[in-house]
Amino acid sequence: MGALIGIVSQENALKNISQQLNALIEQGHCSATLITDQPAAPILSCPILTLHLHLHEQTAHRALIRLDWDKPVKHSIARCRETITVSCRGLIENSEALQNKLATLGYLNDKPSTAQLAADLIHWHYRSQHDLLKAVHLAASELIGVYAIGVMSAENEIICTSRHIPLFISVGQSSAGFSDQPQALQSIAPEIIRLALGDTARFSPGKCTILNPLGEPCQREPEDFQHARIKLHGFHHYMQKEINEQAAIFADILDDSGCDANLAQLLDNNAARILCDIEGITLLASGSSYHAALIARYWFEALAGLPCTVELASEYRYRDAVQHHNTLIIAISQSGETADTIAALKYAQSQNHTHTLAISNASPSTLMQLARFQLFLAAGPEIGVTSTKTFSTQLLTLYRLALCFAKLRGHLPPATEAAAIHDLLRLPRAASDLAMITEQLQEWAHKIFDSKQLFFVGRHLYYPLAQEAALKMQEIAYIHAYGFPAGELIHGPLTLINKDLPVIACLPWNRLTEKLLANLQEVRARGGELFILSDAGLASAEHFNVICMPNNLHDLNPILYGIALQTLAYNTAILQKNEIDTPRYLSKSVTKV
């Protein structure tokens, strides 16, 4: 998870930089990539805590900074022909098309980073516009994706713009700044301006000019953020904030490590060499991580042709499991400190399983230290007890791991790989597009919040997702919710169906659509109220409520449906007037804050 900051000052912009970064250090950002406006200034990458040592006695009027939750991403800052400097976070969907266009215009960079691509495109427009604000606006209109950028040139100003990542500006008399983390701007001025999505802004001390997405000058009213709300970025709860920032997190992850099916790139060369001939996979997890593992089992088997079992960590070490010695054991935990998962991994190691991989959102954790190989989620701090963005990033990470094994084992035809990469590139914007169905999900919440029970149903990949959705309702809405495979309704659960029992289904357009529709007709025939998330083009009718999903990303659809169901659970809990971020009787280990 990245963060951007840009500072311009009449005096030394670096003098109080540590103070401005303190709030972000507190929430877990630990590395920085920085560039100043000094002639031939190098791109500096280092731990945040040592940044002041590197900047000691340096003077600059402007600085662009990218912060990260793990190692610094040096390619997040780029220059074009010593005139345009860009800092960036996010992912560009149409990067290949833009790279080809820029190559014909004389910008010859082999596989440019997102920052380099943006810098080259802005430079091209600047040559004809001679106005950096207009050049950035025109460049942004060509960049398709989820991103935020800050730009410097020779003038004593900074330009910023974004798509699907909220940006904030603070303008004081002696300094001004922008960031996607408003708490970094508190020391500049008491009021903060929230840019509308698609705005492009130019600012300097005491001055600010904003263009709307159409390129027209506009005004945005400043907000007086209260201290309690500034860490929430204006949201009401951490869970709401963490649901909404998932698109940006996906973009950061995919930009940082790429979308290619390359195990050496995702893990390292040593892992690719050692794991190339594994004969099976066992996934160990608890809670939401267990549901992510159940979904991933379908990917490992269908894409990579690897036998896969999923074990509840709390049960695994108490049975005499029989597994092939050449099995990869994957332990999954948000915090890396889940006691059952740690114990399960230790048990697997005691059974002479040497191929072990830990997946966690906390790199210096017990689980990560135990395993031979590690995959860091980089989702940023998740303060809400209920797993939202870590569940989604677990799914993204496991899907990419399945693709890597498929490629390594010769099970991934070029056409299938190209289609998978295409869907990965579309994922961040597709996640952002879910905002279009928020009001409909709120309407559903009004219809179900006073129900005593809920059924969630799905088939194939969507059965474990139904279990996860039920868990969310249990955790924060305190409703007796259950997840079922839709084909099993006729083996007992149908007896419970009545007009007071809502049944919520995930119905993507695939080879099982007709079978699932037949299952749902059994519910409807017994007077059940159906709520269906679908991309199959269904129309709502009496007792048949349909929300059309904005995108179809095939194997990645469970991530999108999962976010929609998280939003439904959140809005249901709001109507119950429950405590959202700290549900009763539950606790969570948040290790990197």
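# A tour from Arg-317 to the SIS domain

Begin by selecting Arg-317, which has a relative accessible area of 25% and therefore counts as partly exposed; on this scale, buried means under 20% relative accessible area, exposed means over 50%, and partly exposed lies in between, with a 1.4 Å probe and protein chains only. What you have open is a predicted model, in which local features need pLDDT of at least 70 and side-chain atom pairs count only at pLDDT 80 or more, while totals for chains, interfaces and linings use all residues. Residues are numbered from 1 along each chain as its sequence is written, and side-chain values use heavy atoms, with hydrogens and water left out.

**Charged pairs**

Now add Asp-340 to your selection, whose side chain meets that of Arg-317 in a salt bridge at 3.7 Å, N to O; the term stands for a side-chain nitrogen of Lys or Arg within 4 Å of a carboxyl oxygen of Asp or Glu. Asp-340 belongs to helix α13 (residues 339–350), whereas Arg-317 sits in the loop between α12 (313–316) and β18 (327–333), so this pair ties together parts that are 23 residues apart in sequence. Helices (H or I, at least four residues) and strands (E, at least two) are DSSP runs, numbered from the N terminus. Like its partner, Asp-340 is partly exposed, at 30%.

Next, select Arg-89, Asp-180 and Asp-252 together, since salt bridges that share partners join these three residues into one network.

Moving to Arg-319, you will find a salt bridge with Glu-311, where the closest N and O atoms are 2.1 Å apart. Is each of the two partners buried or partly exposed? Arg-319 is partly exposed, with a relative accessible area of 37%, whereas Glu-311 is buried at 11%.

One further pair to select is Glu-142 with Lys-101, a salt bridge whose closest N and O atoms are 2.6 Å apart. Because Glu-142 lies in helix α5 (residues 132–142) and Lys-101 in helix α3 (residues 95–104), the pair ties together parts that are 41 residues apart in sequence. Lys-101 is partly exposed, at 30% relative accessibility. A search of the whole structure finds 20 salt bridges.

**The sheet**

Switch to a cartoon view and look for an open sheet of eight strands, with antiparallel pairing and the order β3-β2-β4-β1-β10-β9-β11-β15. Its edge strands, each pairing on one side only, are β3 (44–47) and β15 (222–223); two strands pair if DSSP finds at least two bridges between them. Inside the sheet, select β9 (residues 168–171) and β10 (residues 175–179), which run antiparallel and are joined by four bridges. Which residue of β10 is the bridge partner of Ile-169? That partner is Phe-178.

**The cysteines**

How many disulfides does the structure hold? There are zero, a disulfide being a pair of cysteine sulfur atoms within 2.5 Å. Select Cys-160, which is buried at 0% relative accessibility, and whose sulfur is 7.8 Å from the closest cysteine sulfur, in Cys-208, too far for a bond. Then select Cys-548, which is partly exposed at 46%; its closest cysteine sulfur, in Cys-506, is 14 Å away, again too far for a bond.

**The annotated spans**

Finally, colour residues 263–411 and 444–583, where UniProt, in an unreviewed entry, places the feature "domain: SIS"; such annotations may be inferred rather than shown by experiment. Residues 263–411 are 46% helix and 18% strand, with end C-alpha atoms 14 Å apart. Residues 444–583 are 39% helix and 21% strand, with end C-alpha atoms 22 Å apart.
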